[in-house]
Amino acid sequence: MKFLRWLLGFVTLSALIIFIFAFLPVNTPTKLMLYLLICFLLSLYRILRGPTAADRSVATDIVGILIIGFCAILAVYTKKDWYIDIAIAWALQSFIGTLALAKFLEGRNFDE
Amino acid sequence: MRSKILTFMVSFLLWMLLSFSPDWQHIVIGILVSFLVALSMGDMFTNEAHKWLNPRRYIWFLYCLVVFIWECLKSNIDVALRVLNPRLPINPGIVKVRTILKTETALTFLANFITLTPGTLSVDVDKENSCLYIHWIDVKSQDVEEASKIIVSNFERILKEVFK
Amino acid sequence: MNETIALIFIIIGITFDLFGCIGLIRLPDVYNRLQASTKCVTLGTCGILLGVLIRFGFTAAGAKALLCIIFLLLTSPVAAHALARGAHKSGIKLWEKSVCDKYEEDK
C-alpha cells in the first residue's frame with residue numbers, strides 16, 4: 001500500500017516535469033517558474049493539511065524562502081537589478097516573521 | 001569605544017556593498033547613517049574588539065568555510081536520497097551532546113553548523129553545562145560521549161581556533 | 001557561456017528546492033520535516049542566487065546576490081532552531097517510532 005502511494009506520487013511528479021519540459025510551448029524562464037510553482041503547491045498542501053500549528057509554521061517559512069528564489073529568477077531574465085533588493089527585504093521580513101511565530105508557539109502554554 | 005569604531009566600519013562596508021556606486025552623495029549619506037548606528041548601538045556589537053585584529057583567525061575561518069560548504073553539499077545529497085527512497089529509511093530521535101566551547105558566539109556558530117550538516121538539527125542549548133540537544137534523523141548511538149564524538153568533535157576543533 | 005553556467009546552477013537549485021518540498025510532504029513529524037526542508041530549500045535558493053551572481057558578474061546586482069546568500073545562510077538555521085524549540089515547548093510529541101528523547105527526560 002505504501003509502495004503504491006510512492007509509485008503514484010513519483011509517476012505524477014515525473015509526468016508533470018516531463019510535460020513542462022518537453023511539450024509546453026513557452027520560453028525557458030516560464031518553465032523554471034512553473035517548476036518553482038510545483039514547490040509552492042507542495043508547501044501549500046502542507047499548510048492546508050498540517051495536523052499541528054508547528055507544521056503550518058514550517059511550511060510558511062519554506063514559502064518565504066522560495067519567494068527569494070522566484071525574485072532571483074525574475075532578476076536574471078528581466079535584467080532589472082531591483083528584484084534582488086526585493087529579495088533581500090523579503091529575506092529580512094520572513095526571518096522576523098518566523099521568529100515571531102516560533103515565540104508564539106513557545107509561549108502558548110507558559111501557564112502550565 | 002573600539003566596539004563602536006568596529007560597528008562603524010562594518011556598517012559602512014555593508015552600505016557600500018548595497019549601494020555599489022562610488023558617488024560622493026552615497027558616501028556622505030553612508031558615513032552619516034553608519035555614524036548614527038555606531039553611536040546608538042555600537043556597544044552591543046562585540047565585547048572583545050582586540051580579537052578582530054588577529055590574522056590567524058581569518059585563515060582558520062576560511063578553512064572552516066571550505067569544510068562547511070563540503071559538509072553542506074554532502075548533507076543535501078544525503079537528505080535527498082532519504083526522501084526519494086520508497087522505504088523512507090529514517091530512525092529519528094533527540095540526543096544530547098557535550099561541547100568544550102564556552103563563549104556565546106562560538107556556541108551560536110556551532111549550532112548553525114550542526115543544523116546545516118548531515119542529518120542533524122539543534123533543538124536547544126544549555127549554556128550552564130554547555131550541552132546541546134540535537135535531533136538526529138538516523139540515530140547511531142544514544143550515549144552522550146559517543147554522540148559528541150560523531151557529531152561535534154570535527155567542528156569543535158576548528159571553531160576552537162577561530163574563537164580562541 | 002556565462003548564461004549557460006548560470007542556467008545550470010539555477011536548474012540544480014530548483015531541483016534541490018523540489019526535493020525539500022517533497023520531504024515536507026513525505027516525512028512523518030515536525031522535526032523531520034524541518035530537517036529536510038530547511039537544508040534542501042536553503043541550499044537550493046543559494047544555488048539560484050549563485051546563478052544570478054555568475055550571470056551578472058561582480059556588479060551591483062551580483063554584490064547584492066552575494067549579500068543575500070550570506071544572509072540566508074546565517075538566518076535560516078536560526079529560524080529552524082527557533083521553530084524546533086517552540087514546537088517542543090508547545091508539547092508536540094516525536095514520531096511514535098522515534099528511538100529516544102533525551103530532551104524530554106532532562107526537563
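Colleague: Which residues lie nearest the centre of the second largest pocket?
Modeller: A:Gly9, A:Leu13, C:Ile22, C:Ile25 and C:Arg26, out of 41 lining residues. A pocket is an open set of 1 Å grid points over the protein atoms alone where a 1.4 Å probe fits, with protein on both sides within 12 Å along at least five of seven lines, and lining residues have an atom within 4 Å of a point.

Colleague: Which elements give two or more residues to that lining?
Modeller: Chain A supplies helices H1 (2-23) and H2 (28-49), chain B supplies helix H3 (55-84), and chain C supplies helix H1 (2-26). Helices are DSSP runs of H or I with at least four residues, numbered from the N terminus. H1(A) gives the most, eleven residues.

Colleague: Is this model predicted or not, and how is it numbered?
Modeller: The model is predicted, so local features need pLDDT of at least 70 and side-chain atom pairs pLDDT 80 or more, while totals for chains, interfaces and linings use all residues, and side-chain values use heavy atoms, without hydrogens or water. Residues count from 1 along each chain as written, with chains lettered from A and ligands numbered from 1 in written order.

Colleague: How does the pocket lining divide into nonpolar, polar and charged?
Modeller: The lining has 26 nonpolar residues, five polar and ten charged.

Colleague: New topic. How many salt bridges over all chains?
Modeller: Six. The term means a Lys or Arg side-chain nitrogen within 4 Å of an Asp or Glu carboxyl oxygen.

Colleague: What does A:Asp55 pair with?
Modeller: C:Arg33, with the closest N and O atoms 2.3 Å apart. The pair crosses between chains, from helix H3 (residues 53-78) of chain A to helix H2 (residues 30-56) of chain C.

Colleague: Are A:Asp55 and C:Arg33 buried or exposed?
Modeller: Both A:Asp55 and C:Arg33 are buried. That is under 20% relative accessible area, with exposed over 50% and partly exposed in between (1.4 Å probe, protein chains only).

Colleague: And what about C:Lys64?
Modeller: C:Lys64 bridges to A:Asp85, the closest N and O atoms being 3.2 Å apart. C:Lys64 sits in helix H3 (residues 60-89) of chain C and A:Asp85 in helix H4 (residues 82-107) of chain A, so this pair joins two chains. C:Lys64 counts as buried because its relative accessibility is 8%, whereas A:Asp85, at 33%, is partly exposed.

Colleague: Where do B:Glu71 and B:Lys74 lie?
Modeller: Both are in helix H3 of chain B, three residues apart, about one turn of the helix. Their side chains meet in a salt bridge, 3.6 Å from N to O. B:Glu71 is buried at 11% relative accessibility, and B:Lys74 is partly exposed at 40%.

Methods:
Ala, Val, Leu, Ile, Met, Phe, Trp, Tyr, Cys and Pro count as nonpolar, Asp, Glu, Lys and Arg as charged, and the others, Gly among them, as polar.
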